[in-house]
Amino acid sequence: MGGEMKKKGHPTIVCRCNDVTLEDVERAIEEGCHDLECLRKVLRIGMGPCQGRTCIPIVARILARKLGKRVDELELPTVRAPILPVPVHLLLKSREGEQP
Amino acid sequence: MKIVIVGAGISGLFTAYSLAKMGVRDVVVLEKRYVGYGSTGRCATGIRASFTSEEHIVLMKESIRLWKEYSEGELGRYGLNFVQGGYVWLARKEETVDTFRKLVALHNSLGVPTRVIDRDELRSLVPPLNTNLVAGAMHDPMAGKSYVFTTLRALMKACRELGVRIATGTEVRKLIARGSRIVAAETSKGEVSGDIFVIAAGAGSRELLKTVGIEIPTKNIPRHILTTEPYQRAFEPLVIDWDTPGVPYIVQIIEGNFFIGRDIEEEPEQSIYSQRIDFMPKALKPIAELFPFIKAVRVLRYWIGYYVATPDNHPIYGPVNNFDNLFIATGFSGHGYMMGPVTGKIIAEWILEGRPSIPQAEKLTLDRFERGALVRELAVIG
Ligand SMILES: Cc1cc2nc3c(=O)[nH]c(=O)nc-3n(C[C@H](O)[C@H](O)[C@H](O)COP(=O)(O)OP(=O)(O)OC[C@H]3O[C@@H](n4cnc5c(N)ncnc54)[C@H](O)[C@@H]3O)c2cc1C
Ligand code: FES
């Protein structure tokens, strides 16, 4: 991602985890991605370690503006376990995984 | 001629793409949620031809040829990227290596170049693997992977340029039949008429087809998978732990994350939003034995998607007996992503030329279940 970085001096980064720029988002919306799930999947916005806590609100505003909608009219992406990144060695201590 | 496709997963989009490439100007894809909402957006991105039936092997070989061709052409310029990283099956038990030898003989006889490999070769293919636990392995160098969201984006872009309309947020509630023809789809946004209808609606296909009296024998089985954060490249093959129940697997996707899955006991039709807390440790335990470094890696997300399974684990393709203008592409039983390119090609040929260019596909029509002509596996392995 972040294909614009090389061309322009100061791209506006909207997703820090995955280096996605404002232009990337606007282009994907123009290509027909008209919901947050589509933007998330196509640009990997919200798939970084912060799980979108940083970028999804920003992207929601950009999308709402482009579509002439209110932010609260947009469907929000699914939140998935384990919410915060968890190291594998901690998950391995869980007794849930013991074989039946 | 107007062609209406239900479902914007890999099957619907590749069908739309192939039809548009073959010159159909009026193609519309109806999708209840968003592109990739179904199983496609939830899959492990693996692609292989090393199966155990002639039908699967012939179709998958053609699909791999197309994955390569597409990644070097227009779709490749739009981001579709097939990486031929291979698959590796691990044997923890000595006798499993004999099973691998039998499979290799079958694959080789049908033109799939799998091989049994020793520990040295295994170490060079999968450097971080703890080979002490492994008795031997089978390698499929023809197999590979393709990141699903770049593939979907490339398809969306190419389809749009070819004039295909993709209507998201548009649920098809029922099909409307007149005599032996489907005349329209009744959607959440009004009626859509058409000359040809293709049902590529994944887990939604069975209920939709019931609205015109067609029963398909599919079950929607929840399958669980997790991803870690992205890391630097560690190994390319998709690695399968054959001797552990539920066959755990791990693949480092092109974007750098490790996807880890394992089949756990599941009831068909369970909601894909009913997460199972036991899944993560169950999948991670065998993988951490084989890949000790994974213990330090962080898990990011876990999700569930459906395998749409048929009684013989092969897809349902093509026309339906009682209707003149209805085609099905579903029931991929866990390998529909890899079949996407060949699915699109043969369904488009069926519609435009009356039959698919690959004769084996004709054995996969819905009426095989009535005729009792289920697909025969050439090797049954336990
Ligand atoms: C965890 C997991 C791992 C997997 N790993 C692999 C793998 O490594 N390799 C592989 O090849 N396959 C894999 N699969 C299987 C693969 O994901 C599927 O076989 C494939 O994606 C099916 O694609 P499809 O287009 O037929 O269906 P889907 O992707 O399910 O698309 C169907 C679409 O139709 C829409 N729809 C449904 N009903 C309606 C309706 N009434 N109106 C309008 N739209 C509707 C849905 O919203 C959906 O978007 C995996 C699956 C899972 C769950
Ligand atoms: S900033 Fe976008 S996922 Fe973290």
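This is a short tour of a predicted model, with one thing to select at each stop.

**Stop 1: where the chains meet**

Colour chain A and chain B differently, then look at the place where they touch. Here 33 residues of chain B are in contact with 37 residues of chain A. Together the two chains bury about 3,300 Å², and 58% of that lies on carbon and sulfur atoms. Now select B:Tyr34, B:Arg153 and B:Arg301: in chain B these lose the most area to chain A, together 21% of what that side buries.

Next, show the side chains of A:Arg44 and B:Glu255. They meet in a salt bridge, with 3.4 Å from N to O. The count between the two chains is four salt bridges, and 14 residue pairs are in polar contact. Which parts of chain B should you highlight on this side? Try α6 (148-161), α8 (279-290) and β18 (298-309), as each supplies at least two residues to the side that touches chain A. The residues on that side of chain B divide into 16 nonpolar, three polar and 14 charged.

**Stop 2: a sheet with strands from both chains**

Stay with β18(B) and add residues 86-87 of chain A, which form strand β3. This strand and β18(B) pair in the antiparallel sense over two bridges. You can find A:Pro87 standing opposite B:Arg298 in β18(B).

Now follow the whole open sheet. Its nine strands have the order β3(A)-β18(B)-β14(B)-β17(B)-β16(B)-β15(B)-β5(B)-β7(B)-β6(B), with mixed pairing. Which strands are at the edges? They are β3 of chain A and β6 (115-117) of chain B, each pairing on one side only.

Inside this sheet, select residues 249-252 and 257-261 of chain B. These are β16 and β17, which run antiparallel and are joined by four bridges. B:Val251 stands opposite B:Phe259 in β17(B). Then bring back α8(B), which packs on the sheet and touches β5 (87-91), β14 (219-230), β15 (238-241), β16, β17 and β18 of chain B. The direction of α8(B) makes about 110 degrees with that of β17(B).

**Stop 3: a sheet within chain B**

Hide chain A for a moment. Another open sheet has six strands in the order β9-β2-β1-β13-β20-β19 of chain B, with mixed pairing. Its edge strands are β9 (165-167) and β19 (316-319). Neighbouring strands here are turned by 15 degrees against each other on average, direction ignored. Zoom in on β2 (residues 26-30) and β9(B), which pair in the parallel sense over three bridges; B:Val29 stands opposite B:Ile166.

Two helices to add are α1 (residues 10-21) and α9 (residues 336-353). Helix α1 of chain B packs on the sheet, touching β1 (2-6), β2, β9, β13 (196-199) and β20 (326-330), and its direction makes about 165 degrees with that of β1(B). Helix α9 of chain B also packs on the sheet, touching β1, β13, β19 and β20; its direction makes about 20 degrees with that of β19(B).

**Stop 4: two hairpins**

Finish with β10 (residues 172-178) and β11 (residues 181-187) of chain B, which pair antiparallel over six bridges. B:Ile176 has B:Ala184 as its bridge partner in β11(B). In this hairpin two residues lie between the strands, and B:Gly179 takes a positive phi near 60 degrees.

Moving on, β11(B) pairs antiparallel with β12 (residues 190-193) of chain B over four bridges. Here B:Glu186 has B:Glu191 as its bridge partner in β12(B), and this hairpin has two residues between its strands.

Key: Residues numbered from 1 in each chain as written. Chains lettered and ligands numbered in written order. Predicted model: local features only at pLDDT ≥ 70, side-chain atom pairs only at ≥ 80, totals over all residues. Heavy atoms only, no water. Contact = heavy atoms within 4.5 Å. Buried area = accessible area lost by both parts, 1.4 Å probe. Polar contact = N/O pair within 3.5 Å; in protein donor to acceptor, adjacent residues only side chain to side chain. Nonpolar A, V, L, I, M, F, W, Y, C, P; charged D, E, K, R; others polar. Pairing = 2+ DSSP bridges. Axes fitted to C-alpha atoms, helices over the stretch in contact; angles between N-to-C directions.
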